[in-house]
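These are my notebook entries on one chain, set down in the order in which I looked things up. I give the structure here and my notes below.

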Amino acid sequence: MSEKELVAKAQAGDFQAFEALINANKGKIYALALKMTANPQDAEDIVQETLIKAIDNIEQFRGESSFGTWLYSIALNQSRAHLAKQKQTDLKPIEDYLPTRSADEMHNHGGHKLFDWRDPHKVLEDDELRKMIDEAIAALPVQYREAFLLRYYEELSIKEIAKIINESVASTKSRVLRARLAVRDQLSRTLEARYGT
């Protein structure tokens, strides 16, 4: 049965169809919520709230995007509300996370250098690096964290992300790029501090 048929049945009150739609996306929603909050219990709470909102509003789903994209929108809103409620949101501007000098200035003045990644495949498999990446992502302001996660963890297109976060495509591209630069810079600083240049 196609997603469109399942949605039609779910909107008509067929709970098994709704359950099939949820089961296809529940793991991704949990992973997104976990990355947003860095807390398994909070992530489970967000998943539950997302599912309740989805049940309550299934008749409002118009099929303009995939059902999973619609669920991401709800999950992100729930994550934002959860983070705001717990005051875990870091409101520092993104510029605080970005390098203050250009790459040429840093090179010419012996400033901060990018870490030599050596063999990226081997390094990527390292649990320690995974932890550092998670910490760098967790340090991002919420609006950048969600854009980064949707792009690089959920592999959504910029257009899909723009729709989910209610921003223009250009603004979304900028947000994803700034988040990526901030994560890269944070990782470079962490690796340089641990291993030197």
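Entry 1, loop residues with positive phi. I looked up Glu 155 in this predicted model and found a relative accessibility of 65%. I count Glu 155 as exposed, because the cut-off for that class is over 50%. I place Glu 155 in the loop between H8 and H9. Its phi is positive, about 55°, although Glu 155 is not a glycine.

I then turned to Asn 166, in the loop between H9 and H10. Asn 166 is also a residue other than glycine with a positive phi, here near 60°. I noted 67% relative accessibility for Asn 166, so this residue counts as exposed. My last note on phi concerns Gly 13, just after H1, where the value is positive at about 105°.

Entry 2, the chain as a whole. I counted ten helices and zero strands. Read from the N terminus, the order of elements is α-α-α-α-α-α-α-α-α-α. The chain has 197 residues, and I find 38% of them buried. I also looked up the contacts with a separation of 6 or more: 65% of them are accounted for by residues 24 or more positions apart. For the accessible surface of the chain I recorded about 11,600 Å², with 50% of this belonging to carbon and sulfur atoms.

Entry 3, helix H1. Which residues of H1 are buried? I listed Leu 6, Val 7 and Ala 10 for this helix, which spans residues 3-11. Viewed down the axis of H1, these buried residues fall within an arc of 100°, so I describe them as lining one face of the helix. I next asked what they pack against, and found helix H2 (15-37) and H4.

Entry 4, the nonpolar core. How many residues does the largest nonpolar core have? I recorded 43, and the residues with the most contacts inside this core are Leu 32, Phe 67, Trp 70 and Leu 150. I then looked up which elements give two or more residues to the core: H1, H2, H3 (40-57), H4, H7 (127-138), H8, H9 (158-165) and H10 (169-195). The largest share comes from H4, with eight residues.

Entry 5, aromatic rings. I counted six aromatic pairs. In one of them, Phe 61 and Phe 67, the ring centres are 5.6 Å apart and the planes stand at 85°; I class the pair as edge-to-face because that angle is over 60 degrees. Phe 67 also pairs with Trp 70, with centres 5.4 Å apart and planes at 50°, so I class this pair as tilted.

I checked burial for these three residues. Phe 61 is buried at 8% relative accessibility, Phe 67 is buried at 0%, and Trp 70 is buried with a relative accessible area of 15%. The cut-off I applied is under 20%.

Where do Phe 67 and Trp 70 lie? I find both in helix H4 (residues 67-86), three residues apart, about one turn of the helix. One aromatic cluster is formed by Phe 15, Phe 18, Phe 61, Phe 67 and Trp 70.

I went on to the contacts of Trp 70, leaving aside its neighbours within four places in sequence. Trp 70 is in contact with Ala 54, Asn 57, Ile 58, Phe 61 and Ser 65. Phe 61 is thus listed both as a contact of Trp 70 and as a member of the aromatic cluster.

Entry 6, helix H8. Is Tyr 144 buried or exposed? I recorded a relative accessible area of 12%, so Tyr 144 is buried. I place this residue in helix H8, which covers residues 142-152. I also looked up its separation from Arg 180: the two are 36 residues apart in sequence and 8.8 Å apart in space, C-alpha to C-alpha.

My final check was on a charge over a ring. Arg 151 lies over the face of Tyr 152, at 6.0 Å from the ring centre.

Note on methods. Residues are numbered from 1 along each chain as its sequence is written. This is a predicted model: local features need pLDDT of at least 70, side-chain atom pairs count only at pLDDT 80 or more; totals for chains, interfaces and linings use all residues. Side-chain values use heavy atoms; hydrogens and water are left out. Rings of Phe, Tyr and Trp (its six-membered ring) pair if their centres lie within 6.5 Å; planes under 30 degrees apart count as stacked, over 60 as edge-to-face and the rest as tilted. Buried means under 20% relative accessible area, exposed over 50%, partly exposed in between (1.4 Å probe, protein chains only). Helices (H or I, at least four residues) and strands (E, at least two) are DSSP runs, numbered from the N terminus. A charge sits over a ring if NZ of Lys or CZ of Arg is within 6 Å of the ring centre and within 35 degrees of the ring normal. The arc is that of the directions from the helix axis to the C-beta atoms. Contact means heavy atoms within 4.5 Å. A nonpolar core is a set of buried Ala, Val, Leu, Ile, Met, Phe, Trp, Tyr and Cys residues joined through side-chain atoms within 4.5 Å. Accessible areas come from the Shrake-Rupley method with a 1.4 Å probe; for residues, only the protein chains shown count as cover.
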